[in-house]
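Please work through the exercises below with the sequence and the model side by side, attempting each task before reading its solution.

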Amino acid sequence: MHQDIERILYDQAAIADVTAQLGAQITKDYADKNPLVICVLKGAMLFMADLVRQIDTPLEMDFLDVSSYQGGTQSTGEVKIIKDLDTPLQDRDVLIVEDIVDTGRTLNYLVDLFKYRQAKSVKICTLLNKPETRVVPVDADYVGFKVPNAFLVGYGLDYAEHYRNLPYIGILKSEVYQTK
Ligand SMILES: O=P(O)(O)OC[C@H]1O[C@H](OP(=O)(O)OP(=O)(O)O)[C@H](O)[C@@H]1O
Ligand SMILES: [Mg+2]
């Protein structure tokens, strides 16, 4: 697992630091709003678990499973809902938690969907933002790190469902996914 990583970008301490900063800002912005914090499975699961423990105001959580990469390194362009939310969104302040914004297709689709469901507000908190590869517009309200155009794994991010359990975020060696 570790031998497939070209370079570590963010270690556990760096992730913990930025998560604490984001949590403090969200705590201020959502005091008394009882936000619905939505985790986009599976990639955002570790970040969600750490972030909510840094948000010191009442909130509710829900989980939605979408997939557009289907195991590979390229977005298929089609966002599929695999498991929908349990909670009605009408009049709720929604905070979407993501691991990464890449082409923007996943979040562009979800923001439109949640607005259509009449959420009172929809904001985005993403640990990673990869602006160079954007295909559709997405404005994230809370961003941990701006990352280069490379395929990243770890701390929830996968290649072919592996590497999610790495405690750090790193660049995957290209020979791991390029056919020779
Ligand atoms: O901006 P985009 O190009 O849409 O890419 C970002 C999305 O892609 C990944 O999820 P994926 O669909 O691979 O599913 P997963 O979270 O289960 O890994 C990642 O977790 C984001 O949700
Ligand atoms: Mg995802």
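The exercises go from the whole chain to one sheet and then to single residues in loops.

This is a predicted model, in which local features need pLDDT of at least 70 and side-chain atom pairs count only at pLDDT 80 or more, while totals for chains, interfaces and linings use all residues. Residues are numbered from 1 along each chain as its sequence is written, chains are lettered from A and ligands numbered from 1 in the order in which they are written, and side-chain values use heavy atoms, with hydrogens and water left out.

**Exercise 1. Overall fold**

Task: Establish how many helices and strands the protein has, and in which pattern they follow along the sequence.

Solution: Begin with the elements themselves, taken as DSSP runs numbered from the N terminus (helices are H or I with at least four residues, strands are E with at least two). On that basis the protein has four helices and nine strands, and reading along the sequence gives β-α-β-α-β-β-β-α-β-β-β-β-α. Next, turn to the radius of gyration, which is taken over C-alpha atoms and set against a globule rule of 2.2 Å times the number of residues to the power 0.38. The radius of gyration is 16 Å, close to the 16 Å that the rule gives for 180 residues, so the protein is as compact as a globular protein of that length. Along the principal axes, the C-alpha trace spans about 50 × 35 × 25 Å.

**Exercise 2. Burial and contacts**

Task: Determine what percentage of the residues count as buried, and what share of the contacts joins residues 24 or more positions apart.

Solution: For burial, apply the cut-offs of relative accessible area with a 1.4 Å probe and protein chains only (buried is under 20%, exposed over 50%, partly exposed in between); of the 180 residues, 48% count as buried. For contacts, meaning heavy atoms within 4.5 Å, consider those with a separation of 6 or more: residues 24 or more positions apart account for 66% of them.

**Exercise 3. The sheet around β1**

Task: Work out which strands stand at the edges of the sheet that contains β1, and where E6 sits in this arrangement.

Solution: Two strands pair if DSSP finds at least two bridges between them. Three strands form an open sheet in the order β1-β9-β8, with antiparallel pairing. The edges are β1 (5–10) and β8 (152–153), each with a single partner strand, so one side of each is left without a neighbour in the sheet. Between β1 and β9 (residues 169–172) there are four bridges, and Y10 stands opposite I169 in β9. E6 lies in strand β1 and is exposed, with a relative accessible area of 51%. Although E6 and I171 are 165 residues apart in sequence, their C-alpha atoms are 5.5 Å apart in space. Beyond its neighbours within four places in sequence, E6 is in contact with I171, L172, K173 and S174.

**Exercise 4. Backbone angles in loops**

Task: Locate the cis peptide bond from L41 to K42, and say in which loops D91 and E161 lie.

Solution: The peptide bond from L41 to K42 is cis, with omega near -5°, and K42 is placed in the loop between β2 (36–41) and α2 (45–52). D91 lies in the loop between β4 (80–83) and β5 (93–101); this residue has a positive phi of about 65° although it is not a glycine, and D91 is exposed at a relative accessible area of 56%. E161 is found in the loop between β8 and β9, where its phi is near 75°, a positive value in a residue other than glycine, and E161 is partly exposed, with a relative accessible area of 42%.
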